[in-house]
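Okay, thanks for coming, everyone. Have a look at the chain on the screen, and I'll talk you through it from the overall picture down to single residues.

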Amino acid sequence: MSAYGHQMEQMYSSRSLSGGSEIPSNYVMESGFHIPSLAATILVSALVAVGVLLITLLISLAIMLQSCQSRNAGVFDHPNTNDYSYCKVYSLHAELNNLEGYQIPDICRDLGIQYIKGGQYGKDLDVMKSMIEDYFNSSRPSDDGLDVVLMDLDGIFPPNPPSFNLFRRFQNDSISNCILEANNLKCMFVLRLYMHLQAGGWPIILLSRESEIHKNVTIDHLVSAGFRGWSALMMRAEDEDPTKENKGIFKQRNVIQAKGFRIKSIISSHMDALSVADTGIRNFFLPAPICDMFEQQRTA
């Protein structure tokens, strides 16, 4: 190589180095964390084992909880005394056993009033009215006029003048007001039901445990409330023992059937009127508030 060529090569080399350009490299430094395959296998196995242990623990706790619930199933749990159904148990017990003056827990006083004032009693009556109407809409009385419906009047109207005066004397009392409002609701309910049955052609016989001495007063109450055209009004005979009311109801039913009538349904808010073993009779139990039981306790 000539001296000139050697000189040019040196100049080119010096420019390349002084220009700051770097020679590209085929090697790239990678950042990361490398785990050997054996260590990864051990880690995954450990995680799986922990998961299985947790699932086993949850299953064991669930089984233990179920076992505790089963052992405690026979332990008495005090009922919720803020529930009206708690008081209804006492009421039905007294009604079923015909216990007069039966002591209802004091907590039921406010619950009984709220049952009326809160509108639940009216809702229960509407449900029962729909149930009764559905039944009679699907059936028709016979053409011979012997199919009859019995309706129990007791609990709808003031039974006799002394009791009515008692209502007046305690008219500002919450319990008496509760009873009066309940009777008004039931009277309107029974009247609508009564008119519906009459429109369907059903003969209606009215029953009462009160003495025949008050028959004229009872008729006046019926007429003033809007009742008309009943087939018969049957009341307790003057010489019958008033303490055996259920026998009076049985006697009235027997008299009706002895005359050839077929009782198709009994509508009442009292158990004794419905305690008859006859599959051909459809019984309807009207909801009854417990306010009147507190009135009986106070006047006993």
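I'll start with the ground rules, then go through the whole chain, the sheet, the disulfide and a helix or two.

So, this is a predicted model, where local features need pLDDT of at least 70 and side-chain atom pairs count only at pLDDT 80 or more, while totals for chains, interfaces and linings use all residues. Residues are numbered from 1 along each chain as its sequence is written, and side-chain values use heavy atoms, with hydrogens and water left out.

First, the whole chain. The secondary structure comes to 11 helices and 5 strands. Helices here are DSSP runs of H or I with at least four residues, strands are runs of E with at least two, and both are numbered from the N terminus. How much of the chain is buried? Of the 300 residues, 32% are buried. Buried means under 20% relative accessible area, exposed means over 50%, and partly exposed is in between, using a 1.4 Å probe and protein chains only. The accessible surface is about 19400 Å², and carbon and sulfur atoms own 58% of that; these areas come from the Shrake-Rupley method with a 1.4 Å probe, and for residues only the protein chains shown count as cover.

Then there are contacts, meaning heavy atoms within 4.5 Å. Take the contacts with a separation of 6 or more: 73% of them are between residues 24 or more positions apart.

Now the sheet. In what order do the strands sit? The order is β3-β2-β1-β4-β5, in an open sheet of 5 strands with parallel pairing. Two strands count as paired if DSSP finds at least two bridges between them. At the edges you'll find β3 (232-236) and β5 (282-285), each with a single partner strand, so one side of each has no neighbour in the sheet. From one strand to the next, the twist averages 20 degrees.

Let's zoom in on β1. Strand β1, residues 147-152, runs parallel to β4, residues 262-268, and 5 bridges join the two. Across that pairing, D147 stands opposite R262 and V149 stands opposite S265. Helix α5 (residues 120-137) packs on the sheet and touches β1, β4 and β5, with its direction at about 165 degrees to that of β5. For those angles, axes are lines fitted to C-alpha atoms, for helices over the stretch in contact, and angles run from 0 to 180 degrees between N-to-C directions.

β1 also runs parallel to β2 (residues 204-211), joined by 4 bridges, and there M151 has L206 as its bridge partner. How covered is β1? Mostly: 6 of its 6 residues are buried. D147, V149 and M151 point one way, while V148, L150 and D152 point the other way. That fits a general pattern: in a regular strand the side chains alternate between the two faces of the sheet.

Over in β2, have a look at S208. S208 counts as buried because its relative accessible area is 3%. Beyond its neighbours within four places in sequence, S208 contacts D154, M234, M235, R236 and Q252.

Next, the disulfide, which here means a pair of cysteine sulfur atoms within 2.5 Å. A search of the whole structure finds 1. It is formed by C87 and C108, with their sulfur atoms 2.0 Å apart. C87 is in helix α3 (residues 84-96) and C108 is in helix α4 (residues 107-117), so the pair ties together parts 21 residues apart in sequence. The link is left-handed, with -95 degrees about the S-S bond, and both cysteines, C87 and C108, are buried.

Staying in α4, there's also Y115, which is buried, with a relative accessible area of 8%. Leaving out neighbours within four places in sequence, Y115's contacts include Y84, Y121 and P287. R109 is in α4 as well, but R109 is partly exposed, at 32% relative accessibility.

Last stop, helix α7. Why does its length make sense? The expected span is 1.5 Å times one less than the number of residues, so the 26 residues of α7 (residues 174-199) should span 38 Å, and the end C-alpha atoms are indeed 38 Å apart. After α7 comes G201, with a positive phi near 85 degrees.

That's the tour, thanks for listening.
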